[in-house]
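Here are my notes on the model, in numbered points. Please read them with the coordinates open.

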Amino acid sequence: MSNVRVYNDNKFEHREKFRGVQIFIPPGEYVEMNKEDAVLFKSQFTPIIRGKNGVDDPRGFKMIRIDFEPTTNVSVRDVVGEQELDLTCQACGFIAKTEPGLKVHIRTHATQMVDATAREAIENGI
Ligand SMILES: [Zn+2]
């Protein structure tokens, strides 16, 4: 059985234990799984995280999407010729493979920013 891509459509990282393994998907990125696992993983319940004010915390939102197009050993980025990079987040050491991926990731730090101008710049995608 070929693998499918499991995307995290949230702007926050997704971590979830599945079949005894900790699954980690950076924001906007994907992992590959076999089709059966992908469907089970998507439907697995994750608890809602409540913020201090009683509003659901978006960090807890499970925004998983499956791309059922079978994957090959050649990465999609190789096919389209997009340069694959190791871009390190200066705040936490997270490594993004693409510049848009890094920008999306950096937004997860926006709430930690003390300086309002810097925070707005990040929220607006710099
Ligand atoms: Zn970071």
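1. Start towards the C-terminal end. Alanine 121 sits in helix α4, which spans residues 116-123. This is a predicted model, and the remarks below should be taken in that light.

2. Is alanine 121 buried or exposed? Neither label fits: the residue is partly exposed, because 13 C-beta neighbours fall inside 10 Å, and a buried residue needs 20 or more. Across space, the C-alpha of alanine 121 is 9.5 Å from that of arginine 107. Along the sequence, 14 residues separate the pair.

3. Now the overall layout. The protein chain carries four helices and seven strands. Their order along the sequence is β-β-β-β-α-β-α-β-β-α-α. Of contacts between residues at least 6 apart in sequence, 48% link residues at least 24 apart.

4. Burial comes next. The chain has 126 residues, and 12% of them are buried. The largest nonpolar core has six residues: Val4, Val6, Ile25, Met33, Ala38 and Ile64. As a general point, nonpolar side chains in soluble globular proteins tend to be buried together.

5. Methionine 33 is a good way into that core. Which residues does methionine 33 contact, leaving aside neighbours within four places in sequence? They are Asn3, Val4, Val6, Ala38 and Phe41. Val4, Val6 and Ala38 are also listed in the largest nonpolar core, as is Met33.

6. Cysteine 89 deserves a look. The residue lies in the loop that runs between β6 (87-88) and β7 (95-96). Cysteine 89 counts as partly exposed because 15 other C-beta atoms lie within 10 Å; the threshold for buried is 20 or more.

7. What does cysteine 89 touch, once residues up to four places away in sequence are set aside? The partners are Phe94, Ala96, Leu102, His105 and Ile106. For isoleucine 106, the C-alpha separation from cysteine 89 is 7.0 Å. The two are 17 residues apart along the chain.

8. Finally, confidence. Mean pLDDT for the chain is 80, with 83% of residues at 70 or more. Strand β5 (residues 64-67) has the highest confidence, at a mean of 94. Helix α2 (residues 76-80) has the lowest, at 45.

9. Residues 74-82 need a caveat. Their pLDDT stays under 50 throughout, and the model gives them four contacts beyond four places in sequence. Where pLDDT is low, the predicted coordinates should not be read in detail. Please flag this stretch, which includes the low-confidence helix α2 (residues 76-80), in any figure.

Notes
Residues numbered from 1 in each chain as written. Helix = DSSP H or I, 4+ residues; strand = E, 2+ residues; numbered from the N terminus. Contact = placed C-beta atoms within 7 Å. pLDDT = per-residue confidence, 0-100. Core = buried A, V, L, I, M, F, W, Y, C linked by C-beta atoms within 7 Å.
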